Amino acid sequence: MSEVRDNYLYSEEHEWVRKTDAGTLLVGISDFAQHQLGDIVFVELPEEGSVVTAGEGIGTIESVKTVSDLFAPVGGTIVKVNGALEASPELVNSSPYEEGWMIEIELDDSAEEALAKLLSPEAYTSHVAD
């Protein structure tokens, strides 16, 4: 069974969101998603300063099996990208919720609405069980 963490929100596309102490959001892919993808060999992420809209494609994740799109679970400005993934994309497999985070977003005005559309840990657990 894949790990689903409390205090995280999830998208139906298998991204997770966690609030930081600074009020921004860290985003990555769930443990379920990284298991489905298999060994991750490359991650393409947006540039810092990019403005993104909830639901839009913002990058790709390449594994030995497939290439998958990464979607913005919320809208805002990318304030930080996890540069460690460039040299070590396998961090997404070994530590999807910690070292394998992908981007940090400063929320835009539609953030509360977007966050309300995300799944609770319980709802996400049900979603991946289907």
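The following conversation introduces a predicted model of one protein chain.

Biologist: What secondary structure does the chain have, and how many helices and strands are there?
Modeller: The chain of this predicted model contains five helices and nine strands.

Biologist: In what pattern do they follow along the sequence?
Modeller: Read along the sequence, the order is β-β-β-α-β-β-β-β-β-α-α-β-α-α.

Biologist: How does the radius of gyration of the chain fit a compact globule?
Modeller: The chain has a radius of gyration of 13 Å, which agrees with the value near 14 Å for a compact globule of 130 residues. Its C-alpha atoms fill a box of roughly 40 × 35 × 25 Å along the principal axes.

Biologist: And what share of the residues is buried?
Modeller: Of the 130 residues, 48% count as buried. The chain exposes about 6,800 Å², and carbon and sulfur atoms supply 45% of that area.

Biologist: What about contacts between residues at least 6 apart in sequence?
Modeller: Among those contacts, 61% join residues at least 24 apart.

Biologist: Changing topic, how much space lies in the largest pocket?
Modeller: The largest pocket holds about 270 Å³ of space.

Biologist: Which residues lie nearest its centre?
Modeller: Ala54, Pro73, Ala114, Lys117 and Leu118 lie nearest the centre, out of 16 residues that line the pocket.

Biologist: Which helix gives the most to that lining?
Modeller: Helix α4, residues 111–117, gives the most, with three residues.

Biologist: How do the lining residues divide into nonpolar, polar and charged?
Modeller: Eight are nonpolar, three are polar and five are charged.

Terms used:
Residues are numbered from 1 along each chain as its sequence is written. This is a predicted model: local features need pLDDT of at least 70, side-chain atom pairs count only at pLDDT 80 or more; totals for chains, interfaces and linings use all residues. Side-chain values use heavy atoms; hydrogens and water are left out. On a 1 Å grid over the protein atoms alone, a cavity is a set of points where a 1.4 Å probe fits but cannot get out, and a pocket is an open set with protein on both sides within 12 Å along at least five of seven lines; lining residues have an atom within 4 Å of a point. Grid points are joined across faces, edges and corners, and a volume is the space filled by probe spheres set on the points. Helices (H or I, at least four residues) and strands (E, at least two) are DSSP runs, numbered from the N terminus. Ala, Val, Leu, Ile, Met, Phe, Trp, Tyr, Cys and Pro count as nonpolar, Asp, Glu, Lys and Arg as charged, and the others, Gly among them, as polar. The radius of gyration is taken over C-alpha atoms; the globule rule is 2.2 Å times the number of residues to the power 0.38. Buried means under 20% relative accessible area, exposed over 50%, partly exposed in between (1.4 Å probe, protein chains only). Contact means heavy atoms within 4.5 Å. Accessible areas come from the Shrake-Rupley method with a 1.4 Å probe; for residues, only the protein chains shown count as cover.
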